[in-house]
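Hello,

Here is the structure I promised to pass on to you. Have a look at it first, and then read on for my notes on what turned up.

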Amino acid sequence: MDIRHIRYFLEITRQGSISKAAKVLQMTQPPLSASLKNLEDELGVRLLDRTARGITPTRAGRLLLEKGARLVDETEHLTQELMRQGQGLSGSLHLAVILPFAWAYLPRVLARFREASPGTDISLTDVNPGNVIEQIRNGNLDVAIVATGSASRLQTMYQDDTRVELISKLGISPVLPTRFKDAPKTIPLQDLMGETWLLPMPSLRLPGMTEMLVDFWLAQGLPLPSIKPVTSLQTTLPLVAADLGISIMPPEIQQIARTTIVTRKIDPPIPPMEIAAVWSTAREPSEVATKFIEVLVGPRAART
């Protein structure tokens, strides 16, 4: 059945007259009558009875009136939804993000994206540095926002099928137990080298904070301190609060745990982490993913 013919049938029954329906539909009466006849011929059943009081639906017509109205509504809804998805205004976005970025910047990014794509269902997960690239490659993630010492190095590693685009830089500071609460606002790096550093496990697939710090220490001519691997930032804070080590995080972290840890500046300062968006180039991003990338890094990067 042609959905257009069903719309015509519904208007005829609504108006009770082919001539009145033709005026509402802004068409002449003969093609409207032909459309009704074609629909009845296709279905093999009479849909309307013509009486002195006008047109009334038959039993089959009443069924089509009930089911057809629902079908037309669903078709219109589907059409609008598909058009919105085609414009990147609705759909789903599978996003992975590192927690420091989530704390410092993500709320603002998502607010801007919500304005641009208000109907999108966003799925947000904490990223595992060891497998985030693989999840991007296999399509489980649309976009990942990662922290690395060098976005350009990461792009070189995965240039065949992955796009890495620098978004911003994220300042990081030492996160210390409360025994440092009376320490000066800036602490010499040398004074912290005897501490145990609580840092993420190094990852060959996604060089991040630990690799950047090792390079930084070596560049300063310092011996490597004691390093204790941690699985995530969530597990790091209680360990720092318990005076089992120190770490580095964005200074905004003290707003979350202000009574259990302290932050200080360090001399020389630790280089900022580079925050990068990562997505696959092996397939075309969805319109929703494209719009999110545009919000992050601009339209040119999203389309190349």
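**A bridge pair to start with**

P177 has I261, in strand β12, as its bridge partner. Please keep in mind throughout that this is a predicted model.

**The three-stranded sheet**

That pair belongs to a longer contact: β7, which covers residues 173-177, runs antiparallel to β12, and three bridges hold the two together. Both strands are part of an open sheet of three strands, in the order β11-β7-β12 and with antiparallel pairing. The edges are taken by β11 (247-249) and β12 (261-263); each has a single partner strand, so one side of each has no neighbour in the sheet. On average, neighbouring strands here are turned by 40° against each other, direction ignored.

S173 is a good residue to click on, as it lies in strand β7. Its relative accessible area is 13%, and because buried means under 20%, S173 counts as buried. Beyond its neighbours within four places in sequence, S173 is in contact with S247, I248, M249, P251 and R264.

**The hairpin**

Strands β1 (residues 48-51) and β2 (residues 54-57) run antiparallel and are joined by four bridges. The hairpin that leads from β1 to β2 does so through two residues. T51 is bridged to G54 of β2.

**The nonpolar cores**

Which residues touch the most other members of the largest nonpolar core? They are W217 and F292, in a core of 42 residues. Several elements supply at least two residues each: β3 (90-97), α6, β5 (143-148), β9 (196-200), α9 (209-219), β14 (273-280) and α12 (287-297). If you set aside the neighbours within four places in sequence, W217 is in contact with L189, M193, W197, L199, L222, L224, P225 and I227. Another core lies apart from this one and has 16 residues, including I6, I18, A21 and I55.

**Two helices to compare on screen**

Helix α6 spans residues 106-116, and L106, V109 and F113 are buried in it. These three cover an arc of only 65° around the axis, which puts them on the same side of α6. P107 and E115, on the other side of α6, are exposed. The spacing fits a general rule: an α-helix has 3.6 residues a turn, so residues three or four places apart point the same way.

For α9, eight of the eleven residues are buried, so this helix is largely enclosed by the rest of the structure. The buried ones are M209, T210, E211, M212, L213, V214, F216 and W217. They pack against β9, β10 (226-230), β11 and β14. After α9 comes G221, which has a positive phi, near 75°.

**Salt bridges**

How many salt bridges does a search of the whole structure find? The search finds eight. These are the ones I would look at with you:

- E11 and R14 form a salt bridge, with 2.5 Å between the closest N and O atoms. The two are three residues apart in helix α1 (residues 3-15), and are therefore separated by about one helical turn. E11 counts as buried, at 10% relative accessibility, whereas R14 counts as exposed, at 56%.
- R46 and D49 meet through their side chains in a salt bridge of 3.2 Å, N to O. R46 counts as partly exposed at 47% relative accessibility, and D49 counts as partly exposed at 31%.
- D161 and R137 form a salt bridge in which the closest N and O atoms are 3.1 Å apart. D161 lies in the loop between α8 (151-157) and β6 (162-170), while R137 is in helix α7 (residues 132-137), so the pair ties together parts that are 24 residues apart in sequence. R137 is partly exposed, with a relative accessible area of 34%.
- R179, E195 and D243 are linked in a network of salt bridges.

Happy browsing, and best wishes!

Key
Residues numbered from 1 in each chain as written. Predicted model: local features only at pLDDT ≥ 70, side-chain atom pairs only at ≥ 80, totals over all residues. Heavy atoms only, no water. Pairing = 2+ DSSP bridges. Axes fitted to C-alpha atoms, helices over the stretch in contact; angles between N-to-C directions. Buried < 20%, exposed > 50% of the residue type's maximum accessible area, 1.4 Å probe, protein only. Arc of directions from axis to C-beta. Core = buried A, V, L, I, M, F, W, Y, C linked by side-chain atoms within 4.5 Å. Contact = heavy atoms within 4.5 Å. Salt bridge = Lys/Arg side-chain N within 4 Å of Asp/Glu carboxyl O.
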